[in-house]
Amino acid sequence: MALVKTALALVFTATTTLSVLQISSAAVYKVGDSAGWTTIGNVDYKLWAATKTFQIGDIIHFEYNSQFHNVMRVTHPMYKACNASAPLATYTTGNDSITITNRGHHFFFCGVPGHCQAGQKVDINVLRTTQMAPTPSALPSPPSVPAAKVPGPSPSNAVSLKSLKSLLWKLVLSMVVFAGFVSSAAA
Ligand SMILES: [Cu+2]
């Protein structure tokens, strides 16, 4: 039975490793990538957001010249109307990191008059589906994204973590099978 215990211990270790990876795989997204948070160059923040898959725990990073811009988190109606009269939160450092803690839409715009109207606004949408626990049916499939337009520089460490995770899952599965085999053989 020592073998079973060893196998179970290995399963536990691998599972723990997986949960740690789950936490550490949070990505940091710089809004607008190299352009940052600006009205210069007509950055398409809608397209920028569409090329990302935001998850809970991810960090949204706004980088801008605080003399000319700011970041306001607002409701959907305020977002649509570019109404900066009563923001839910205001960030003004020029180097603002906002951690996403819940699902759904997170609406941001620049509160400087005219900037939101000029397109300095972004909708960070955290979908219900995750890689680890996919919820079947219920949800409409996410809208297809014209991925070809921008070679989205998705964080490369997230990609390698994903493959590492799938590898670990295979390991866990094989060990579970192994443990089952050993215990049935021992019985
Ligand atoms: Cu601005």
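Helices (H or I, at least four residues) and strands (E, at least two) are DSSP runs, numbered from the N terminus.

## Model and numbering

This is a predicted model: local features need pLDDT of at least 70, side-chain atom pairs count only at pLDDT 80 or more, and totals for chains, interfaces and linings use all residues. Residues are numbered from 1 along each chain as its sequence is written.

## Overall layout

The protein chain has 4 helices and 7 strands. Along the sequence they follow the pattern α-β-α-β-β-α-β-β-β-β-α.

Two terms rest on C-beta atoms placed from the backbone. A residue is buried if 20 or more other C-beta atoms lie within 10 Å of its own, exposed if 12 or fewer, and partly exposed in between. By that count, 17% of the 187 residues of the protein chain are buried. Two residues are in contact if their C-beta atoms lie within 7 Å. Take the contacts with a separation of 6 or more: 75% of them join residues 24 or more positions apart.

## The three-stranded sheet

Strands of a sheet pair through backbone hydrogen bonds, either parallel or antiparallel. Here, two strands pair if DSSP finds at least two bridges between them. One open sheet has 3 strands in the order β1-β2-β5, with mixed pairing. Its edge strands are β1 and β5, and each pairs on one side only. Neighbouring strands of this sheet are turned by 20° against each other on average, direction ignored. For such angles, axes are lines fitted to C-alpha atoms, for helices over the stretch in contact, and angles run from 0 to 180 degrees between N-to-C directions.

β1 and β2 pair in the parallel sense over 3 bridges. Between them the chain passes through α2, and this β-α-β crossover is right-handed. Right-handed means that, with the strands pointing away from the viewer, the path from the first strand over the helix to the second runs clockwise. Y29 stands opposite I60 in β2. On the β5 side the sense is antiparallel, with 5 bridges joining β2 to β5 (residues 95-99). Two residues of β5 can be placed here: N95 is opposite E63, and S97 is opposite H61.

In a regular strand the side chains alternate between the two faces of the sheet. β2 has a covered face, I60 and F62, and an uncovered one, I59, H61 and E63.

## The four-stranded sheet

A second open sheet has 4 strands in the order β4-β3-β6-β7, with antiparallel pairing. β4 and β7 stand at the edges with a single partner strand each, so one side of each is left without a neighbour in the sheet. The average turn between neighbouring strands of this sheet is 25°, direction ignored.

β3 and β4 pair in the antiparallel sense over 3 bridges. V71 has Y91 in β4 as its bridge partner.

## The nonpolar core

In soluble globular proteins, nonpolar side chains tend to be buried together. A nonpolar core is a set of buried Ala, Val, Leu, Ile, Met, Phe, Trp, Tyr and Cys residues joined through C-beta atoms within 7 Å. The largest one has 19 residues, of which V31, W37, F62, V71, F108 and F109 touch the most other members. β2 (59-63), β3 (71-74), β6 (104-109) and β7 (121-126) each supply at least two residues of this core.

Which residues does F108 touch, not counting residues up to four places away in sequence? They are V71, M72, R73, K121, V122 and I124.

## Loops and backbone outliers

Two residues that are not glycines have a positive phi: D33 at about 50° and C82 at about 55°. D33 is found in the loop between β1 (28-30) and α2 (45-50). D33 counts as partly exposed because it has 14 C-beta neighbours inside 10 Å. C82 is found in the loop between α3 (76-81) and β4 (89-91). With 18 other C-beta atoms within 10 Å, C82 is partly exposed too.

S34 also lies in the loop between β1 and α2. S34 is exposed, with 8 other C-beta atoms within 10 Å. The C-alpha atoms of S34 and E63 are separated by 9.4 Å, and the two residues are 29 residues apart along the chain. A118 is in the loop between β6 and β7. A118 is partly exposed, with 14 C-beta neighbours inside 10 Å. N42 is 76 residues from A118 along the chain, and their C-alpha atoms are separated by 8.0 Å.
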